[in-house]
Amino acid sequence: MSNQADAVSSRRYPPTSEFASQATGQASLYEEAKADRLSFWADQANQLEWHKPFTKTLDWSNAPFAQWFTDGELNVAYNCLDRHVLAGNGDRIALLFEGEPGDTDTYTYRVLTTAVKKAANVMTDLGISAGDRVAIYLPMIPEAIISMLAVARIGAIHSVIFGGFSAEALHTRINDAKASLVITADGGYRKGKASALKPAVDDALAGGHCPSVENVLVVKRTGEAIGWNAHDIWWHDAMAAASDEHTAEAFPAEQPLFILYTSGTTGTPKGILHTSGGYLTQAAYTHRNVFDLKPETDVYWCTADVGWITGHSYVAYGPLANGATQVLYEGTPDAPHAGRWWEVIEKYGVTILYTAPTAIRSFMKTGREIPDQFNLSSLRVLGSVGEPINPEAWVWYRDVIGGGKCPIVDTWWQTETGAIMISPLPGVTSLKPGSAQIPLPGITMAVLDDDAKPVQDGAAGYLTITEPWPSMLRGIWGNPDRYIEAYWSRFEGIYFAGDGAKLDEDGDLWVLGRVDDVMNVSGHRLSTAEIESALVGHPWVAEAAVVGASDELTGQAVVAFVILRHSHVAEAEAGDVNKVLRDHVSKEIGAIARPRQVMVVSELPKTRSGKIMRRLLRDVAENREIGDVTTLADSSVMNLISSKLASGAKD
């Protein structure tokens, strides 16, 4: 870590006595989990309503294929909806929908339950039954949540496909899951205009290339003209004709709930399989305790799209299982204006915000002037998800967005883990900027070296999970051998999914990012996250992405791409940006980390969920043909970067 970042991260932010005394997650959770881990998880599972109580918490006899609460039965949608209505909370708001154009809708738990019952009847009338697969390709509108819960209600399996994916990505995912129903929309709104969705579905299904699909339900969102096929059905027509009476049937705890495909550019897509009881247990437990949820008074907003795991666990399932009120927003942070998110927070009185470090750093780029125009005083807890957050961005997030008072929960987890695994508890933990800190109660993890030995404090290693957990993936859809090879072959009996980490002198975890994002420069292992943090620590830099590029002399060389803060552009352009920032990294980390080149760019290649696609930057840095850009929010960004690199010169 750089000296400047170290100075920032050495700060401590303990919870106030008032916050700690009223916190949902107390220190006793750690003691309970340590005393009897399986009893602890049984207690968490019993926060749900089981149609048939379980008697066995964990069956690990066929490791690494876990079964949790296996003899119990429940209905996931019933736990997210009906039970709140029956408990007298039917008039509590479940969803506050804000469309990008400014249209709004409000769903109470009673109204949402009725909509899900009708959608469940629509699906069963179309022949969908327990175990069948349903592909969902929708924008961030209420029908996305309704569809997911309706699929869960009838024991079917949903595969949500992110609305930014191409027809080819749809085709491969639909075929891999053998989905018999697709739910889509004519389009959605993005950056001030209608963005079509159904044409991609039409292309994916053309020529009988997805023979399992029998019907396509189409939500009318934008009203744009679309093609129509014999298997297409308007959502609103089907819903109008459907009964609003539907009894939720109980299913076994290990009933498959969803398949979520991890993104990849080559080979067969990897369908991560999650089941019902264990997944919902941990999604609800983590949402309740990590975010200090007070369901009677909080307004929660997770900015993730439901096409990603964060949207599954912390939009569709965790919040609704806990009876929370949440904001559902369709569009981007900067449309129709740069303060859109802050406007939404002010409008709805959002109290909990969960978003990605890339979004936070993009706001840093434009400065505090925009958020300062809005009243953000309702916020009381902030969350970070998606990749490590550098200490400077952490402090900016707390000071500018959180008014210098909000605890930040920096969460580590993955599509495969299903729910948060590492995070502070905001009423217990003394917060440390940039560190994910410690595993949650009930989770056991270790940082190991190549020989599976725990590393010493200060040393980097492999981040592993040493005991099974309730929301763990149950495999890769249709490919158990690939599951074992991908996650359980590096260390015998221990889960490893590719992230590196180190422990500091306090025993707190620092996630270093993907192991394949660690560069080997002249035999020295360097973390891209560490160099990026050093760059962002310079007052000129708002955001940075670092890649390792092939180099004849050193094996790999550091190439950095930076976005300047608006307030420092003139100053930076008047100087030698490349030299100044290279020298800065050399001073902060050491000469070995000095970038071969620093490129100033106006944007970085990001997916619509906000993740930087470093593999594309690596293509540019190594002068290769740029790979697939279909998942980027703006594919033209790569053309701009490529042309600028071609016209630049190395130091």
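This is a tutorial dialogue on reading selected features of a predicted model.

Trainee: Let us start with aromatic contacts. How many aromatic pairs does the count come to?

Mentor: The count comes to 32 aromatic pairs. Plane angles over 60 degrees count as edge-to-face. In one of the pairs, the ring centres of Phe 291 and Tyr 314 are 6.1 Å apart and the planes stand at 70 degrees, so this pair is edge-to-face.

Trainee: Where in the chain do Phe 291 and Tyr 314 lie?

Mentor: They are 23 residues apart, and the pair links distant parts of the chain. Phe 291 is in the loop between helix H12 (277–290) and strand S16 (299–302), while Tyr 314 belongs to helix H13 (residues 309–321).

Trainee: Are Phe 291 and Tyr 314 buried or exposed?

Mentor: Buried means under 20% relative accessible area. Phe 291 has a relative accessible area of 0%, so Phe 291 is buried. Tyr 314 is buried too, with a relative accessible area of 0%.

Trainee: What is the geometry of the rings of Trp 301 and Tyr 329?

Mentor: The pair is edge-to-face because the planes of Trp 301 and Tyr 329 are at 90 degrees, with the ring centres 6.1 Å apart. This pair also joins distant parts of the chain: Trp 301 lies in strand S16 and Tyr 329 in strand S17 (residues 325–329), 28 residues apart. Trp 301 counts as buried because its relative accessibility is 1%. Tyr 329 has 6% relative accessibility and therefore counts as buried.

Trainee: Which residues do ring pairs link into a cluster?

Mentor: The cluster consists of Trp 60, Phe 65, Trp 469, Tyr 483, Tyr 487, Trp 488 and Tyr 495, linked by ring pairs.

Trainee: Rings can also have a charge over them. Which ring does the charged end of Lys 220 sit over?

Mentor: The charged end of Lys 220 sits over the ring of Trp 234, 4.9 Å from the ring centre. Elsewhere, Arg 490 lies over the face of Tyr 462, at 4.8 Å from the ring centre.

Trainee: Now helices. Why do residues three or four places apart point the same way?

Mentor: An α-helix has 3.6 residues a turn, so residues at that spacing share a direction. For a case here, take helix H14 (residues 340–348): its buried residues are Arg 340, Trp 341, Trp 342, Val 344, Ile 345 and Tyr 348. Gly 349 follows H14 and has a positive phi, near 65 degrees.

Trainee: How many bridges pair strand S24 with S25, and in which sense?

Mentor: Strand S24 (residues 495–503) pairs with S25 in the antiparallel sense over five bridges. Asp 499 has Arg 514 in S25 as its bridge partner. The hairpin has five residues between the strands, and Gly 507 takes a positive phi near 85 degrees. Strand S25 (residues 509–514) is mostly covered, with five of its six residues buried.

Trainee: What about internal space: how many cavities of 30 Å³ or more are there?

Mentor: The count is two. The largest cavity has a volume of about 50 Å³. Its lining includes Leu 74, Phe 251, Gln 255 and Ser 276, and divides into seven nonpolar, four polar and no charged residues.

Trainee: What lines the second largest cavity?

Mentor: The second largest cavity holds about 40 Å³ of space. Among its lining residues are Val 160, Phe 162, Arg 173, Tyr 261 and Trp 308. That lining divides into seven nonpolar, one polar and one charged.

How values were computed:
Residues numbered from 1 in each chain as written. Predicted model: local features only at pLDDT ≥ 70, side-chain atom pairs only at ≥ 80, totals over all residues. Heavy atoms only, no water. Buried < 20%, exposed > 50% of the residue type's maximum accessible area, 1.4 Å probe, protein only. Helix = DSSP H or I, 4+ residues; strand = E, 2+ residues; numbered from the N terminus. Pairing = 2+ DSSP bridges. 1 Å grid on protein atoms, 1.4 Å probe; cavity = no way out; pocket = protein on both sides within 12 Å on 5 of 7 lines; lining within 4 Å. Points joined across faces, edges and corners; volume = space filled by probe spheres on them. Nonpolar A, V, L, I, M, F, W, Y, C, P; charged D, E, K, R; others polar. Phe/Tyr/Trp six-rings, centres within 6.5 Å; stacked < 30°, edge-to-face > 60°. Lys NZ or Arg CZ within 6 Å of the ring centre and 35° of its normal.
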